[in-house]
Amino acid sequence: MKTIKAQKLTKENFSKYGSFENLYQPETMGVGIGSPSAFYPDVMPLDLGTAHNASVCVCHVRKREMVIDNYEYHNNGCEGVLPLDADIVVFAGFGFKPFLPAKLEAFVVPRGTVVRFKPGVLHGTQFPIDQEQAAVVVMLPERTFATDFHVERLTDEEKLLIELN
């Protein structure tokens with residue numbers, strides 16, 4: 001099985017797949033910063049495509065061997081991922097079988113950091129790295145899993161093992 005290294009999440013290495021923002025220390029404009037009640041509006045806009053409603057979902061993922069054996073993608077809107085209580089590893093990439101095999105990279109996402117995957121970016125289930133289980137909020141256009149959910153399984157030769165640096 002091939003291996004890939006989970007990289008530190010930076011704007012330079014992740015921008016082709018989307019964007020991210022640390023919600024504990026946002027780098028956006030805010031109101032009342034330093035006061036008992038600071039507010040940071042529009043920290044991470046999500047393009048919902050033609051959907052009228054956003055849907056907030058939650059994944060409970062357990063610590064396990066970090067093997068990528070499938071991926072998903074959505075054509076019509078972005079996906080937001082926010083780990084609440086653990087640091088996680090996510091993966092992202094591009095590729096379209098049978099013409100272009102998936103080329104994937106892995107990234108460490110600290111808890112409290114929201115990640116936005118652009119439409120068409122390959123991604124999948126997250127991997128907790130510092131806790132036995134992670135609660136991960138996933139934000140999508142409503143009914144994405146019924147209307148715009150494309151899954152591809154990897155063969156044994158295509159599977160990837162993620163290693164931490």
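**An open sheet, a core and a surface patch**

In this predicted model, five strands make up an open, antiparallel sheet, ordered β2-β9-β6-β11-β3. Strands here are DSSP runs of E with at least two residues, helices are runs of H or I with at least four, and both are numbered from the N terminus; two strands count as paired if DSSP finds at least two bridges between them. At the edges sit β2 (18-22) and β3 (54-62), each pairing on one side only. From one strand to the next, the twist averages 20°, with axes fitted to C-alpha atoms and angles running from 0 to 180 degrees between N-to-C directions.

Take β2 and its neighbour β9 (residues 113-117): the two run antiparallel and are joined by five bridges. One residue to look at is S19, whose bridge partner in β9 is R116.

β9 turns up again in the largest nonpolar core, alongside β7 (88-96), β8 (100-109) and β11 (133-141), as an element giving two or more residues. Such a core is a set of buried Ala, Val, Leu, Ile, Met, Phe, Trp, Tyr and Cys residues joined through side-chain atoms within 4.5 Å, where buried means under 20% relative accessible area, exposed over 50%, and partly exposed in between (1.4 Å probe, protein chains only). F14 and F117 touch the most other members among its 19 residues, while β11 gives the most, with four residues.

Out on helix α2 (residues 144-147) lies F145, partly exposed at a relative accessible area of 45%.

Residue numbers start from 1 along each chain as its sequence is written. Local features need pLDDT of at least 70, side-chain atom pairs count only at pLDDT 80 or more, totals for chains, interfaces and linings use all residues, and side-chain values use heavy atoms, without hydrogens and water.
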